[in-house]
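Got your viewer open and your selection tool ready? Take a look at the model below, then follow along stop by stop.

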Amino acid sequence: MGTGSIEDTRQPDHVQAQINGLHLDGGSSEIIFLGTGSSSGLPSVRCALSPGGGCPCCKEAMSNPDSKNRRGNPSLLIRYRGGKRDNPGDVDGGSGEAKNILIDAGKTFKESVLRWFPKFGIRTVDAIVLTHEHADAILGLDDFRELQTWDLEWRGKALPPPTPVFLSDATYKTLCSIFPYLTKKVDTSKGEFQRMVSQLDFNCVPPLKTFNAMGLEIRTLPVEHGPDCICYGFDFGVRDRVVYLSDFTSISEEVYEVIEEREVSILVLDSLRPDKDSLTHIGLPTAVEIAKRVKPKKTFLVGLSDNFGDHDEFNRGLRDKYGPQGIDIQLAHDGLRIPLEL
Ligand SMILES: [Zn+2]
Ligand SMILES: [Zn+2]
């Protein structure tokens with residue numbers, strides 16, 4: 001691990017320069033990776049507390065707050081300015097105001113918001129999309145109230161408008177047992193007490209169906225995430241198309257058919273380990289095979305463990321190995337921002 005990686009944290013310019021063929025000049029929308037680590041996040045507690053301070057990757061992440069080796073739970077923010085060019089009346093009346101659509105709010109949600117929202121001038125989230133019911137995707141929902149506008153003198157008066165949440169039936173069912181106070185509608189006319197909690201409006205979406213989040217059409221892609229869980233991936237964007245698959249062990253032929261309907265600009269893939277698959281996540285070799293089959297313009301990996309070592313060093317190795325084969329595959333990092341025409 002070289003110190004160059006430490007100096008190199010002020011992306012996105014040098015990263016964007018590598019992204020060819022996307023609508024970088026005219027990209028009116030963008031995606032921002034808020035989290036790219038495994039469910040434990042990096043640096044890992046196990047590493048940090050081990051004798052000697054753990055692996056070089058976690059050590060560097062511990063000592064450098066701006067490190068690309070610091071990774072929160074997988075999460076993506078879509079800043080959508082739909083139709084700005086072609087139909088100025090769409091979505092935002094042509095004002096250029098982005099609609100912010102958040103994929104997943106996990107255990108590190110608060111940390112990710114504090115780290116990236118001020119940097120990118122983001123203050124609100126307009127809709128939430130959930131991949132699945134595990135802690136690294138949902139446990140930040142409690143903190144979501146901090147992004148909602150409450151009257152400072154709030155005493156059970158007007159509530160903030162609920163934020164739409166799009167999710168599977170299975171995820172909703174789990175949320176009902178984990179967060180009864182977020183899922184149950186309070187009826188104050190019956191004397192029920194209204195707490196100051198996140199105001200959310202849950203919308204269950206079936207597999208392989210398209211829903212509309214703030215004007216952006218998003219299709220659900222059900223993928224197996226271990227034998228006991230179906231996780232949603234998401235497919236969105238018209239001119240630049242993004243396929244986001246953050247947690248999975250296998251993709252069915254039915255889902256491949258949908259993915260292969262037309263060219264993918266950005267493919268985001270789970271990849272817990274650099275050497276092999278695990279019981280609940282694919283690893284790099286499988287991710288490479290999927291990238292070879294789907295042939296996106298660019299593949300980004302998320303859900304990364306410290307086994308990858310230093311971010312920049314690993315990415316150099318990926319470029320050297322797969323670049324000559326025409327495969328553009330890289331680790332994503334927290335705070336990575338990519339302008340797109342969605
Ligand atoms: Zn480590
Ligand atoms: Zn999971």
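What follows is a walk through some places worth selecting in this predicted model.

**Stop 1: the zinc ion, ligand 1**

Select the zinc ion (ligand 1) and show the side chains around it. Which protein donors does the zinc ion (ligand 1) have? They are Cys 47 (SG), Cys 55 (SG), Cys 58 (SG) and Asp 306 (OD), lying 2.0 to 2.3 Å from the ion. Along the sequence, these donor residues are spaced C-x7-C-x2-C-x247-D. Cys 47 sits in helix 3 (residues 45-48) and Cys 58 in helix 4 (residues 56-63), so this pair ties together parts that are 11 residues apart in sequence. Both Cys 47 and Cys 58 are buried. Try the angle tool here too: the 4 donor atoms make angles of 103 to 117°, and the site of the zinc ion (ligand 1) is tetrahedral.

**Stop 2: the zinc ion, ligand 2**

Now jump to the zinc ion (ligand 2). His 132 (NE2), His 134 (ND1) and His 225 (NE2) coordinate this ion at 2.1 to 2.2 Å. Their spacing along the chain is H-x1-H-x90-H. Color His 134 and His 225 to see a link between distant parts of the chain, 91 residues apart. His 134 is in the loop between strand 4 (127-129) and helix 6 (135-138), while His 225 is in the loop between strand 8 (216-224) and strand 9 (230-236). Is His 225 buried or exposed? With 2% relative accessibility, His 225 counts as buried, and His 134, at 31%, counts as partly exposed.

**Stop 3: aromatic rings**

A search of the whole structure turns up 9 aromatic pairs. Pick Trp 116 and Phe 120: their ring centres are 6.2 Å apart and their planes meet at 35°, so the pair is tilted. These two are 4 residues apart in helix 5 (residues 109-120), or about one helical turn. Trp 116 is buried at 8% relative accessibility, and Phe 120 is buried at 17%.

Next, try Tyr 232 and Phe 234. This aromatic pair is edge-to-face, with 6.3 Å from centre to centre and 80° between the planes. Both residues are buried. Add Phe 166 and Phe 211 to your selection, and you have one aromatic cluster of Phe 166, Phe 211, Tyr 232 and Phe 234.

For a ring with a charged neighbor, go to Tyr 256. Arg 293 lies over the face of Tyr 256, at 3.6 Å from the ring centre.

**Stop 4: helix 11**

Select residues 311-322, which make up helix 11. Which residues of helix 11 are buried? They are His 311, Asp 312, Phe 314, Asn 315, Leu 318 and Tyr 322. Look down the axis of helix 11: these buried residues fall within an arc of 160°, so they line one face of the helix. The face turned away from the buried side carries the exposed residues Asp 320 and Lys 321.

**Stop 5: backbone oddities**

Most residues other than glycine have a negative phi, and most peptide bonds are trans. Now for some exceptions. The peptide bond from Leu 42 to Pro 43 is cis, with omega near 5°, and Pro 43 lies in the loop between strand 1 (29-35) and helix 3.

Asp 104 has a positive phi, near 70°. You'll find Asp 104 in the loop between strand 3 (99-103) and helix 5, buried with a relative accessible area of 1%.

Finish at Lys 295, where phi is also positive, near 55°. Lys 295 is in the loop between helix 10 (284-294) and strand 12 (298-302), and it is exposed, with a relative accessible area of 60%.

Methods: Residues are numbered from 1 along each chain as its sequence is written. Chains are lettered from A and ligands numbered from 1 in the order in which they are written. Side-chain values use heavy atoms; hydrogens and water are left out. Rings of Phe, Tyr and Trp (its six-membered ring) pair if their centres lie within 6.5 Å; planes under 30 degrees apart count as stacked, over 60 as edge-to-face and the rest as tilted. Buried means under 20% relative accessible area, exposed over 50%, partly exposed in between (1.4 Å probe, protein chains only). A charge sits over a ring if NZ of Lys or CZ of Arg is within 6 Å of the ring centre and within 35 degrees of the ring normal. Donors are N, O and S atoms within 2.8 Å of the metal (3.2 Å for Na, K and Ca); water is not among the atoms, so sites may look incomplete. Four donors count as tetrahedral if all angles lie between 85 and 135 degrees; four count as square planar and six as octahedral if opposite donors are over 155 degrees apart and all others between 65 and 115; anything else is irregular. The expected span of a helix is 1.5 Å times one less than its number of residues. The arc is that of the directions from the helix axis to the C-beta atoms.
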